[in-house]
Amino acid sequence: MAEMNGAEGTDGSAAGPGDVVRPDGVSGTGGVGHTGGGAAVPDGASGAGGTADLNGAADLDGAADLNGAAGPGRTPCPEAIRRALAAHTTMTLAYADEDGPQACAVLYATDATAVVGTTEVTGTTEVTDATDMTDATDAAGGEAAGGGPALYFVTATTTRHGRALAEPGARVAFTAQRDGQEWSALTGLQGRGRCRTLAGAERAAGWRIYLERFPFVAGSDRLRAALERTELWELRPDWLRLIDNGQGFGHKEEWSSP
């Protein structure tokens, strides 16, 4: 299970094979505890708002949500947001269940790389020219199919968050950002959407995107076998916000799907 926080099982203990998978290929059973910072916690069970701005400013809690305001057609997700999604690998998921709000961090791959592409450079991610993954994103119902960016992650349905996200109508909030940033140049993403497990051709297409982002998974027979036995999820955001203090303190860019 490609989780960064030593995710809990049904009895609260570490669960599943390969519980911790770090981008440098190190795996184990301990909890890495990568919080991602500024975790966005949904308001109540709906997860409809309450996300926290990375610059410390109060969130508008839905007041600036553009959902439904985009008119009858789909508004393309801005390139800056797609590039930011492709430039990160860890997101902090926030959800709520019968025991209240909770958050966890997971590795993710995005089909936004099909539009902007990524290249690893000295430990950071530099966004470069487009990568041809059209067939994969079409099969997975990704952005190439007109549905906006999709994020793919691996986790078992036996975990607390897996059970919560599998509930009908469940929503999730998330953030993604690098650690150790300077305040004046701080950037990060917030989002909300729905998750679902993938099967058949959709899972195969999503799995190709995941392996493209994390090739070390394919390089380890043990790790690959463990993750292939675990559910692959698609998170489809319907609202995204990019924070970029490098363009001015509190600069924001938003996108929503009608």
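Begin by selecting E234 and R236 in this predicted model, and display their side chains, which are joined by a polar contact of 3.1 Å. E234 belongs to strand β11, and with a relative accessible area of 3% E234 counts as buried, because that value lies under the 20% cut-off.

Next, move to L235 and show its surroundings. Leaving aside residues up to four places away in sequence, L235 touches M91, L93, P149, A150, L151, F153, V172, F174, G193, R194 and C195.

From there, widen the selection to the largest nonpolar core, which has 24 residues; L235 is one of those with the most contacts inside this core, together with I81, M91, L93, F153 and L165. To follow how the core is put together, colour the elements that each supply at least two of its residues, namely the helices α1 (79-86) and α4 (160-165) and the strands β3 (90-97), β4 (100-107), β8 (151-154), β9 (172-176), β10 (187-197) and β11 (232-244). Strand β11 gives the largest share of this core, four residues.

Apart from this core lies another one, of 15 residues, and selecting L107, L198, V217 and L223 will show some of its members.

Finally, keep L223 selected and add the rest of helix α7, residues 221-228, in which L223, A226 and L227 are buried. Turn the view until you look down the axis of α7: the buried residues of this helix fall within an arc of 95°, and therefore they line one face of α7.

Methods
Residues are numbered from 1 along each chain as its sequence is written. This is a predicted model: local features need pLDDT of at least 70, side-chain atom pairs count only at pLDDT 80 or more; totals for chains, interfaces and linings use all residues. Side-chain values use heavy atoms; hydrogens and water are left out. A nonpolar core is a set of buried Ala, Val, Leu, Ile, Met, Phe, Trp, Tyr and Cys residues joined through side-chain atoms within 4.5 Å. Buried means under 20% relative accessible area, exposed over 50%, partly exposed in between (1.4 Å probe, protein chains only). Contact means heavy atoms within 4.5 Å. A polar contact is a pair of N or O atoms within 3.5 Å; within protein, one must be able to donate a hydrogen and the other to accept it, and residues adjacent in sequence count only if both atoms are side-chain atoms. The arc is that of the directions from the helix axis to the C-beta atoms.
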